[in-house]
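This report describes a protein model for a reader who is new to structural analysis. Please keep the sequence and the three-dimensional view at hand while reading.

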Amino acid sequence: MAKSSTRAYSTIEVSIAQSVGVVWLNRPQRRNVFDEVMIAELQRAFDQLGADRNVRAVVIAGRGPVFCAGADMAWLQRAAKLKPRDNERDTLAYASMLASLDALPKPTLARVHGMAIAGGLGLVAAADIAIASSDTVFSASEVRVGLNAATISPYLVRTIGARQARRYVLTGERFAAAEAYRLGLVHELVQEGELDATVNALLGELVQGAPGAQATAKAWLRELPDRPMTRATVGKSAKLLAAARVAKEGKEGVAAFLAKRKPGWHPQT
């Protein structure tokens, strides 16, 4: 298991303990809104945690009373003055950060409370698992300030479906945690004081899985919505399982089961 460590950033905090990387959005005085600095720091954190073999799972959380209230309006004002190429480069950095979270080769979990607005909603939808406090408010609010939810829409469509995404992206209305749960945006609702215990329980489940198997499964799951159920899809699914059977993890997992012992990747207690 990795020892506890902390890495220095200006808008986020990143720590590693017990093989789990925790990324804290750390602008509580601004309700953890995004700007170009936070986006760059999140990108760097996701890249580093994704490449760290000692990290088995990643948690995204927010300091203060709010998970993330979306974009920093001062940043958007600055961006409006950029040249077209620079403006597109700026938005590409934002979209790429969300894509990096989505594609991280290990399980990700959003710990959500207070508000998850616009880009904050995007973080929730791009994470593999989302646990929210029962009083959290959600919104794809971009249209309310003359923008659009283009960057978060792919994750919303995949998470809650195209029909529901159309409603919330077009209205920008706020919806409650109970509705987020009904839509499938979040997996569990708990009291805010129970967030950490619930997240830790899920992390305990996640680290029992083989890391390579989880990475393969996650990549395949990301690909499936765009694949029709053809012979090619069936064939690739068979090849992925066949490869896992003869891989080091597969052999170790079966041997450990038959020997009634924990596999090598299992946390040692």
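The structure is a predicted model. The report begins with one of its sheets.

**An open sheet and its helix**

Strands E6 and E8 pair in the parallel sense, and 3 bridges connect them. Within this pairing, Met-115 has Val-137 of E8 as its bridge partner. Helix H4, which covers residues 119–126, packs on the sheet and touches both E6 and E8. The direction of H4 makes an angle of about 95° with that of E6.

The sheet as a whole is open and consists of 3 strands in the order E6-E8-E9, with mixed pairing. Strand E6 (115–117) and strand E9 (174–176) stand at the edges, and each has a single partner strand, so one side of each lacks a neighbour in the sheet. On average, neighbouring strands are turned by 20° against each other when direction is ignored.

**Strand E3 and its partners**

Is strand E3 enclosed or open to the surroundings? Of its 6 residues, 6 are buried, so the strand is largely enclosed by the rest of the structure. Val-20, Val-22 and Trp-24 point one way from E3, while Gly-21, Val-23 and Leu-25 point the other way; all of these residues are buried.

Strand E2 (residues 12–17) runs antiparallel to E3, and 6 bridges join the two. In this pairing, Glu-13 stands opposite Trp-24 of E3. E2 and E3 form a hairpin with 2 residues between them. One residue in that turn, Gln-18, has a positive phi of about 55°.

E3 also pairs with strand E4 (residues 57–62), here in the parallel sense and over 6 bridges. Val-22 of E3 stands opposite Val-59 in E4.

**Two buried loop residues with positive phi**

Most residues other than glycine have a negative phi. Against this background, two loop residues deserve attention. Asn-32 is not a glycine, yet its phi is positive, at about 55°. Asn-32 is located in the loop between strand E3 (20–25) and H1. With a relative accessible area of 0%, Asn-32 is buried.

Ala-118 is likewise not a glycine and has a positive phi, of about 50°. Its place is in the loop between E6 and H4. The relative accessible area of Ala-118 is 8%, so this residue counts as buried.

**Salt bridges**

How many salt bridges does a search of the whole structure find? The search finds 15 salt bridges. Three of them are set out below, each with the distance between its closest N and O atoms.

| Residue | Partner | N to O distance |
|---|---|---|
| Arg-27 | Asp-35 | 3.4 Å |
| Glu-36 | Arg-78 | 2.8 Å |
| Glu-179 | Arg-182 | 2.8 Å |

In the pair of Arg-27 and Asp-35, both residues are buried.

The side chains of Glu-36 and Arg-78 also meet in a salt bridge. Glu-36 belongs to helix H1 (residues 36–51) and Arg-78 to helix H2 (residues 73–79), so this pair ties together parts that are 42 residues apart in sequence. Glu-36 is partly exposed, with a relative accessible area of 31%. Arg-78 also counts as partly exposed, at 41% relative accessibility.

For Glu-179 and Arg-182, the setting is a single helix: both lie in H7 (residues 177–183), 3 residues apart, which is about one turn of the helix. Are these two residues buried or exposed? Residues under 20% relative accessible area count as buried. Glu-179, at 18%, is therefore buried. Arg-182 has a relative accessible area of 54% and is exposed.

Some salt bridges share partners, and in this way Arg-27, Arg-30, Asp-35 and Asp-72 are joined into one network.

**A nonpolar patch on the surface**

The last feature lies on the surface. Met-73, Val-145 and Leu-147 form a nonpolar patch there, and together they have about 270 Å² of accessible area. One of these residues, Val-145, lies in the loop between strand E8 (137–139) and helix H5 (153–160).

Terms used:
Residues are numbered from 1 along each chain as its sequence is written. This is a predicted model: local features need pLDDT of at least 70, side-chain atom pairs count only at pLDDT 80 or more; totals for chains, interfaces and linings use all residues. Side-chain values use heavy atoms; hydrogens and water are left out. Patches are made of residues with over 30% relative accessible area and no salt bridge: like charges are joined within 9 Å, nonpolar side chains (Val, Leu, Ile, Met, Phe, Trp, Tyr) within 5 Å. Accessible areas come from the Shrake-Rupley method with a 1.4 Å probe; for residues, only the protein chains shown count as cover. A salt bridge is a side-chain nitrogen of Lys or Arg within 4 Å of a carboxyl oxygen of Asp or Glu. Helices (H or I, at least four residues) and strands (E, at least two) are DSSP runs, numbered from the N terminus. Two strands pair if DSSP finds at least two bridges between them. Axes are lines fitted to C-alpha atoms, for helices over the stretch in contact, and angles run from 0 to 180 degrees between N-to-C directions. Contact means heavy atoms within 4.5 Å. Buried means under 20% relative accessible area, exposed over 50%, partly exposed in between (1.4 Å probe, protein chains only).
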